[in-house]
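This report describes one protein model, starting from a single residue and moving outward. Please look at the sequence and the structure before reading on.

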Amino acid sequence: MRPGDMADDGSPPQGGGRRPGDPVQSPGPGDLPVPPASEGRRISRARTAVRLLPVLLIAAGGVYDYYTPSKYSAAPLFTAAPLVAAPLYSRRGTVLTGFAATVVVLAVHLVLGGVFDVDAVTELVTVVTVSALAVLINTLVRRSSEQLASAREIAEAAQRAVLPEPVERIGGFQIAARYEAAQADASIGGDLYAVQDSPHGVRLIVGDVRGKGLGAVSAVAVVIGAFREAAEQEATLEAVAQRLERALVREGARRGGVDAFEGFTTAVLAELPHGDGPLRILNRGHPPPMLLYADGTVRALLPTRPALPLGMGELGAWPDRADGAGFPSGATLLLYTDGVSETRDPHGRFYDVEERLEGRVCGDPGTLLAAVARDVRRHSGGHLTDDMALLAVRRP
């Protein structure tokens, strides 16, 4: 057996890393590193400066028109003010910005005289016209924003329906789940998780469907639906995996095209008995779960026998085998998708889940997942390239 592989008796791996009970370096409050708050302050200051820009443009235009010869015009500054305000302000704010620009132009030429000069009239008409266009732009932007907000609400409702957050305690275990989209304002992709309490114990799945878009979301719904049904009815994890295999094959045949031949889902299934029995893990081509002991020791639950992802049974078939591991009180099981383990930093280095968690004393599962997600984003420099789903279960 390789170092780090699981043993059926649940004993920690021999060689490498610390074992439960060994001394642990002090990790501070037990959380992962937190990015500095200075970044948030810089963003806030930048937003404030942008919102002040229309006022500054009008003021600069008035000073320029007043102190330069009449052949020089500040019309570009005055017309820029309402255009900048259009996507930033409300309709009323945009109207007031255009009105202020018009009043300043008129006031400067009244003070200097020559308000009826051709250049002055041209500048005034230009500012009024652009201000009216800015109000129209503001109306269109706000209408698009309302449509986007409505679409986002629909997407969030779909996410809650397909990937509902599990309750905090199931079958005596503390549970938390988290979904982080790589694209800003995106809701759901091909990553999935589910928790089901059954007569055979609390059963879990975390997986990643090949592909993106609506096709991946459809496959996610199929996998989760099949898992919930199989978790209730099947006596073993191996039988649950076979039910998922058949469901994905049917879905690929129904959709046809590339999905009929190349559709697959990497997944890891776990079973936590209601009593004191061992944790059972069945891995189908997915990143290995991590078992975090109460003393800060971290153990990767590597499969003793590699297996193909779900939906690829035609390429090779052999019996599934679930591996056992001890799951003592105070330990936390962390399952995640490759959006975590394949995140790279600016130098191209992958995020090493086991190394980053080593020595960290876990609190509740929700705090752990928030810390991991924050640390992954920090590792990537804030530029995630793939969605990530995380699920943590703690035996109190």
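Which residues does Thr343 touch, not counting residues up to four places away in sequence? They are Asp338, Arg349, Phe350, Tyr351, Val376, His379, Ser380 and Leu384. The model is a predicted one.

## Thr343 and its surroundings

Thr343 sits in the loop between helix H8 (338-341) and helix H9 (353-357). Is Thr343 buried or exposed? Its relative accessibility is 4%, and a residue under 20% counts as buried, so Thr343 is buried.

The side chain of Thr343 also has a polar atom that lies 2.5 Å from the backbone oxygen of Gly339. Two of the residues that Thr343 touches are Val376 and Leu384; Val376 and Leu384 appear again below, as members of a nonpolar core.

## The nonpolar cores

In soluble globular proteins, nonpolar side chains tend to be buried together. In this model the largest nonpolar core has 53 residues. Leu204, Ile205, Leu269, Leu272 and Leu333 have the most contacts inside this core. Helix H5 (residues 213-233) supplies the largest share of the core, nine residues. A second core, separate from the largest one, has 21 residues, among them Leu334, Val376, Leu384 and Leu390.

Leu272 shows what such contacts look like for one residue. Leaving out residues up to four places away in sequence, Leu272 touches Phe173, Gly201, Val202, Leu204, Leu279, Phe327 and Val393.

## A sheet of five strands

Five strands form an open sheet in the order S3-S4-S5-S6-S9, and their pairing is antiparallel. Why do strand S3 (191-198) and strand S9 (323-325) each have one side without a neighbour in the sheet? Both stand at the edges and each has a single partner strand, so no neighbour lies on the other side. On average, neighbouring strands of this sheet are turned by 20 degrees against each other, with direction ignored.

One pair within the sheet is S5 (residues 265-272) and S6 (residues 279-284). These two strands run antiparallel and are joined by five bridges. Val268 stands opposite Asn283 in S6.

## The protein as a whole

The protein contains ten helices and eleven strands. Of its 396 residues, 43% are buried. The exposed surface is about 20,000 Å², and carbon and sulfur atoms supply 58% of it.

Contacts can also be sorted by how far apart the two residues are in sequence. Among contacts between residues at least 6 apart, 73% join residues at least 24 apart.

Notes:
Residues are numbered from 1 along each chain as its sequence is written. This is a predicted model: local features need pLDDT of at least 70, side-chain atom pairs count only at pLDDT 80 or more; totals for chains, interfaces and linings use all residues. Side-chain values use heavy atoms; hydrogens and water are left out. Two strands pair if DSSP finds at least two bridges between them. Helices (H or I, at least four residues) and strands (E, at least two) are DSSP runs, numbered from the N terminus. Axes are lines fitted to C-alpha atoms, for helices over the stretch in contact, and angles run from 0 to 180 degrees between N-to-C directions. Buried means under 20% relative accessible area, exposed over 50%, partly exposed in between (1.4 Å probe, protein chains only). Contact means heavy atoms within 4.5 Å. Accessible areas come from the Shrake-Rupley method with a 1.4 Å probe; for residues, only the protein chains shown count as cover. A polar contact is a pair of N or O atoms within 3.5 Å; within protein, one must be able to donate a hydrogen and the other to accept it, and residues adjacent in sequence count only if both atoms are side-chain atoms. A nonpolar core is a set of buried Ala, Val, Leu, Ile, Met, Phe, Trp, Tyr and Cys residues joined through side-chain atoms within 4.5 Å.
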